[in-house]
Structure formats: C-alpha cells, structure tokens
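Here are my notes on the model you sent round. Please read them with the structure open.

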Amino acid sequence: MSENSRPSGFPEYGPHQVNPEWPPPPASAPPAPEPEPGSAGPAHKRSRGPAKLLVAVAIVAAAVGGTTAYGVQELTGGSSTGVTASSAAGTDVVPASLKGTVAGVAKSVSPSIVEIRAASSSGSATGSGVIVTEDGEVVTNNHVVAGASQIQVRTHDGKSYSARVVGTDSGKDLALIKLEDASGLKAATLGDSDGVQVGDQVVAIGSPEGLTGTVTSGIVSALDRDVTVSTDENQGQQQWQRGGGWPFEFGGQEFNGDTGGSTTTYKAIQTDASLNPGNSGGALIDMNGNIIGINSAMYAPSGAESSTAGSVGLGFAIPVNTVKADLPDLRAGAGS
C-alpha cells in the first residue's frame, strides 16, 4: 500500500514539415492570391477532428525494457448520462502535466473518496465511499452500511459528517448515503466500465483497516467474473466487523466466511490492486481519473486469521455502469 502520490502529460507534436523533394503543384493549379499591402493575408485553416463528446477507450499499456509505456486513452463519441452532476464519461480528471501516473490519479481523485464508520448493535466497522455530488451524496457497498444505526463519514480534508442511508440495493451490493449539511465537496467523475480492457492499469483508493486515503495500484486482471455475495445483513456485518472482509463466493468456493443461504451474484471487474478489509465501497479508477468500479470483495486464503490476512492480489469491483444505472432507484429510496 502506498500513500498519496502525483501523473505525466500528452506528448506535444511539432508542426508538419514540408519535404523539399516533393513535386510542385500542377501547372493548372491557380496561384494563391497575394495579400494586398497592409493586409494580414489569408487566414490559415486548421484541420479539425470529430466534434463529438469523447468516451475513454484504453489503447495500450505495454511493458518496455522493464518499464511500462502508458497508452494514451483515445476518446470516441458518446454523451453524458446525466446520472450525476459529475458523470461526464471520459473526462480527463488528471492534469496533463501529471497524466499517466499513479501519483496524478491519487492527487486528483483522493478528495472524492471518504472513510465510512458504521455502528450497529453488534459493533462498528470501517468502509469507504465515493462522493457523487457536491452536496454530499456518497455511493458505497450495501454491506458497509446494512443494519447500521449510526453512520459517520470523514472526508479527505479531515472533516467529519453524520450521514443517513438514502437507498440500498442488496442485489447489487450498492447503497447511497447522504452527508448532513455538506456542500462544496469534490464529486468524482463516473467513467464507462464498458471500455475497460484486461491489462488496463488502475488505481484503488480507500480506507483499509481504517487507514484513510490509502492508494494502491495494479491492473485489470479479468472481466465479467461472477461473484456471489451475502444479502443477509446480520451475517455479513458480523463477518465484516471481525475484520475478515466481506464473505463472497466464486467458482463454487466460499471466501472470507460463509456467505449463508441468502446471496446475490453480479458481474465484477477483477483486479490485482491491493484491497483489504475497509476498502469496501472505495473506488477503482482508470489512469484518466475516472471511476470505473466500486471495490466490493477481496480474497483471503482459506484458514488465514482475519487479523493477519492481507491482500493476495485478487480483488473484485462492481462496474461503474451498474452503479450509474442503479443511482435513480437508490435516490428514490429503494430498499431503505
């Protein structure tokens, strides 16, 4: 796990050079009119590319001589979903001078990630969340806040807020909470998880073990993993509060505890970015600073003590397009 760091910019291209060996234009081509004395001459027209709104599509990230060559993310047509005030897909959140580095992603996105402390009759636990509106709407996992009688949220700048649950969706393991009396927060930019490719570099930010603002990095290891998680809030909360991570099932095997009889399955993004208990509800981010997933589950070796079990590079995140599609229902109070 690493602390907050800073990314590098697009390469600049010089003007096109004219080859002196190229043949002159045909004799029939009319000569360009000379400007009248004192005039500025004809204006030079610049070629213009497509004017469509752009959606991030990863091109390439190839290992070269022991280092990683970051592919510039190309953008193609699309439109803002309008789901949140900040969800213009494909926005370059990271400044050009820091583009392509984990440090730049961390600096740009960390202010949009919060720590969540949820208390219930059986104890308390720590999770993470992603700010989606300036007035304090935060997306997190359902299992982070399920059954909570009190929720406290701490933002990147150290401010604390009380929060209430707006809506939950146990079938997708998502929840929306609202910070009380919050304003001027930095909302995250929700990207497009359909453009994610295996091998894309990603960054995870959250509060593992209560270590607020922890930044880790890795790649997308696989897509469309069928991950099964418990929908029993009492059983799940007890396991999570013991520090063992959220119990889940994959490939017919259960991890981090018994998932119980009440479960749901969703398609997940798999990543080797380090995730630990407390990362639940935090962000999985592309190198442009767009949220591509909500971290939800991590594998711990069978039989490992929950207090000593650490990440082994098998983490799972709910795709952000699932989050965007579910937000209207969450805002309407679904499940709450």
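The points below take confidence first, then the barrel, the cores, the salt bridges and two single residues.

1. Confidence. This is a predicted model. The mean pLDDT of the protein chain is 74, and 60% of its residues reach 70 or more. Two stretches call for caution. Over residues 1-22 pLDDT stays under 50, and the model has 51 contacts beyond four places in sequence for them. Residues 39-89 also have pLDDT under 50 throughout, with 76 contacts beyond four places in sequence. Predicted coordinates should not be read in detail where pLDDT is low. I would not build an argument on the contacts of residues 1-22 or residues 39-89.

2. The barrel. Six strands form a closed barrel in the order S5-S6-S7-S10-S9-S8, and the pairing is antiparallel. On average, neighbouring strands of this sheet are turned by 40° against each other, direction ignored. Strand S5 (residues 113-120) and strand S6 (residues 123-131) run antiparallel and are joined by eight bridges. To find the register, start from Ala-118, whose bridge partner in S6 is Ala-125.

3. Helix H4 on the sheet. H4 packs on the sheet and touches S7, strand S9 (160-169) and strand S10 (174-179). The direction of H4 makes about 55° with that of S10.

4. Helix H1. Is this helix mostly covered or mostly open? Helix H1 spans residues 102-109 and is mostly covered, with seven of its eight residues buried. The buried residues are Val-102, Ala-103, Gly-104, Val-105, Ala-106, Ser-108 and Val-109.

5. Nonpolar cores. The largest nonpolar core has 34 residues, and within it Val-139 and Ile-291 touch the most other members. Beyond four places in sequence, the contacts of Val-139 include Gly-129, Val-130 and Val-132, then Leu-174, Ala-175 and Leu-176, and also Val-323 and Leu-327. Gly-281 and Ile-294 are touched by Val-139 as well. A second, separate core holds 15 residues, among them Ile-131, Val-153, Tyr-161 and Ala-175. Note that Ala-175 is a member of this second core and is also touched by Val-139.

6. Salt bridges. How many salt bridges does the model contain? The count comes to seven. In one of them, Asp-92 pairs with Lys-99, with the closest N and O atoms 3.3 Å apart. Asp-92 is partly exposed, at 35% relative accessibility, whereas Lys-99 is buried, at 7%.

7. A link across the sequence. Arg-331 and Glu-137 meet in a salt bridge through their side chains, 2.8 Å from N to O. Arg-331 lies in helix H4 (residues 320-331) and Glu-137 in strand S7 (residues 137-140), so the pair ties together parts that are 194 residues apart in sequence. Arg-331 is partly exposed at 30% relative accessibility, while Glu-137 is buried with a relative accessible area of 14%. The H4 and S7 elements that this pair connects are also in contact where H4 packs on the sheet.

8. A salt-bridge network. Glu-115 forms a salt bridge with Arg-117, and the closest N and O atoms are 3.0 Å apart. Glu-115 is buried, with a relative accessible area of 2%, and Arg-117 is partly exposed at 42% relative accessibility. Through shared partners, salt bridges join Glu-115, Arg-117 and Arg-154 into one network.

9. Ser-207. Where does this serine lie? Ser-207 is in the loop between strand S11 (201-206) and strand S12 (214-230). Although placed in a loop, Ser-207 is buried, at 1% relative accessibility. Residues up to four places away in sequence aside, the contacts of Ser-207 include Val-114, Glu-115, Thr-126, Gly-127 and Ser-128. Others on the list are Thr-212, Gly-213, Pro-277, Gly-278 and Asn-279. Glu-115 thus appears twice in these notes, as a contact of Ser-207 and as a member of the salt-bridge network.

10. Gly-218. Gly-218 sits in strand S12 and is buried, with a relative accessible area of 14%. Gly-218 and Val-203 are 15 residues apart in sequence, and their C-alpha atoms are 6.4 Å apart. Outside the neighbours within four places in sequence, Gly-218 is in contact with Asp-200, Gln-201, Val-202, Asp-272 and Ala-273.

Technical notes: Residues are numbered from 1 along each chain as its sequence is written. This is a predicted model: local features need pLDDT of at least 70, side-chain atom pairs count only at pLDDT 80 or more; totals for chains, interfaces and linings use all residues. Side-chain values use heavy atoms; hydrogens and water are left out. A salt bridge is a side-chain nitrogen of Lys or Arg within 4 Å of a carboxyl oxygen of Asp or Glu. Buried means under 20% relative accessible area, exposed over 50%, partly exposed in between (1.4 Å probe, protein chains only). Helices (H or I, at least four residues) and strands (E, at least two) are DSSP runs, numbered from the N terminus. Contact means heavy atoms within 4.5 Å. Two strands pair if DSSP finds at least two bridges between them. Axes are lines fitted to C-alpha atoms, for helices over the stretch in contact, and angles run from 0 to 180 degrees between N-to-C directions. pLDDT is the predictor's confidence in each residue, from 0 to 100. A nonpolar core is a set of buried Ala, Val, Leu, Ile, Met, Phe, Trp, Tyr and Cys residues joined through side-chain atoms within 4.5 Å.
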